[in-house]
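This report describes selected features of one protein chain for a reader who is new to structural biology. Please keep the sequence and the structure in view while reading.

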Amino acid sequence: MTHLDLVLVASGGLAVLVAALSGRIRRLPLSEPLLALLTGVLLGPAVLGVLPTGTLTDSHAAFHEGSRVLLAVSVMAVALRYPLRQVRAVLRPALVLVLVVMPVMALLGAGVAVVTLGVSLPVALLLGAALSPTDPVLASSTVTGAPAESALPSRLRRMLSTESGANDGLALPLVLVAVAVAGGGSAADVVRESLWQVLGAVVLGVVLGALCGRAVRAGEAHGSTEPGPVLLLTLALALGTLGAAGLLRTDGVLAVFVAGLAFNGVSTRGDRTTEVQVDEAVNRFLVLPLFLLLGAALPWSAWAELSWRGPLLVVGVLLLRRLPAVLLVRGPLRLSWLDACYLGWFGPVGVSAVFYLTLEAERLDLDPLVLAAGTLVVVGSTVAHGVTASPGVAAYARAAGR
């Protein structure tokens, strides 16, 4: 039996468990990514040794590709979660979160790394940039499901969803700047690549999403398009757009998100059942193999070398990376203190951070400290936000009198 067979068996077993206990899991301080992560630790070299994989440092290329595909499907689900008119209603606050708050988060994260780890500025910027985007996979557990939909205002849920979908692609220029500062290119190279990555992704996403949406409308007009085929079509659109972006060397995650929005607007589907099915499939099942492998590949020895500085970094990033930045723009975002605190806490670090950390490892002779510290924050966020997701929704409901 190969390692792949073991991963498939473990992921299939987890999927059955999640399907059977989905209602209870949503009521417990436990999320599907956290469950998969703990299973990976149990099956990995640190405990049972059933999955004797290398560390993330040894296999960063495989994790980069896996996280890229998962992010693509996840941001497609985010783009289809709400009708486009509802997305447009939160476009301005979402842009503030992406264009103002995210760069501030990158700087605050870098500052925490300097203070806690004593690293140089280039290393700190690499960490801060990779940890800056809000992860759409982990964030979805805080805005979807019956408890969240009944307790949280729809505007708050749409704002967090739209931000988490957009900033995963738009964080790329921040990462490119950090790579350049660390010795991976000039300022002119960064500007040229950033413009092509972002603008090329937007154009590609609009074209492919609109063409796919028109195809669905033509199929519906002839009665030949049913919810099942549309479900598969949106998944194929995500993967096809990701592949086309890779060939054109543009930002694939951003291209998929834009394609999803274009498809959303052109297909004009009134029934959101298919979109909800995509969202549930991503956040409950497709996420399981990646977090299972991540749990088995955690760099325990590198974490031990961080000593007390590692936990201090995690606490500092979780408390100081996002919450102060969101509170600073509470007025322009028209948020109450309660909404700002919820939005400021639930900006998890997850798959997107793995994607950018491994991207930095591919472009640079990366200091192993960056991957070690970055993965420690990812695990800390997965645990902290997984444990607080259900209690956080319940606490919001009590505080708001819902």
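In which helix do Asp 189 and Arg 192 both lie, and how many residues apart are they? Both residues belong to helix H12 (residues 187-221), where they are three residues apart, about one turn of the helix. It should be noted that the model is predicted.

**Salt bridges**

Side chains of opposite charge can pair when their charged atoms come close. In this structure the count comes to four salt bridges. The table presents three pairs, including the one introduced above.

| Pair | Closest N to O distance |
|---|---|
| Arg 68 and Glu 65 | 3.2 Å |
| Glu 163 and Arg 322 | 2.8 Å |
| Asp 189 and Arg 192 | 2.6 Å |

Asp 189 is partly exposed because its relative accessibility is 36%. Arg 192, at 54% relative accessibility, counts as exposed, since the cut-off for that class is over 50%.

Arg 68 and Glu 65 are located in helix H4; because they are three residues apart, about one helical turn separates them. Arg 68 has a relative accessibility of 22% and therefore counts as partly exposed. Glu 65 is also partly exposed, with a relative accessible area of 37%.

The salt bridge of Glu 163 with Arg 322 links distant parts of the chain, as the two residues are 159 residues apart. Glu 163 lies in helix H10 (residues 154-170), while Arg 322 lies in the loop between helix H17 (309-320) and helix H18 (323-328). Are these two residues buried or exposed? Glu 163 has 0% relative accessibility and so counts as buried. Arg 322 is buried as well, with a relative accessible area of 1%.

**A pair of helices**

Two packed helices are described by the angle between their axes and the distance between the axes. Helix H4 (residues 60-80), which holds Arg 68 and Glu 65, has an axis that comes within 8 Å of the axis of helix H21 (residues 351-363), and the two cross at roughly 140 degrees. H4 is therefore oblique to H21. The crossing of H4 past H21 is left-handed.

**A nonpolar patch**

Which residues form a nonpolar patch on the surface? The patch consists of Leu 91, Leu 95, Leu 99, Val 100, Val 104 and Leu 108, which together have about 470 Å² of accessible area. Leu 91 is found in helix H6 (residues 91-117). With a relative accessibility of 42%, Leu 91 counts as partly exposed, because this class lies between the cut-offs of 20% and 50%.

Definitions and conventions: Residues numbered from 1 in each chain as written. Predicted model: local features only at pLDDT ≥ 70, side-chain atom pairs only at ≥ 80, totals over all residues. Heavy atoms only, no water. Patch = residues over 30% accessible without salt bridge, like charges linked within 9 Å, V, L, I, M, F, W, Y side chains within 5 Å. Areas by Shrake-Rupley, 256 points an atom, 1.4 Å probe, with all protein chains shown as cover. Salt bridge = Lys/Arg side-chain N within 4 Å of Asp/Glu carboxyl O. Helix = DSSP H or I, 4+ residues; strand = E, 2+ residues; numbered from the N terminus. Buried < 20%, exposed > 50% of the residue type's maximum accessible area, 1.4 Å probe, protein only. Axes fitted to C-alpha atoms, helices over the stretch in contact; angles between N-to-C directions. Parallel < 35°, antiparallel > 145°, perpendicular 65-115°, else oblique. Left-handed = near helix turned anticlockwise from the far one by under 90°.
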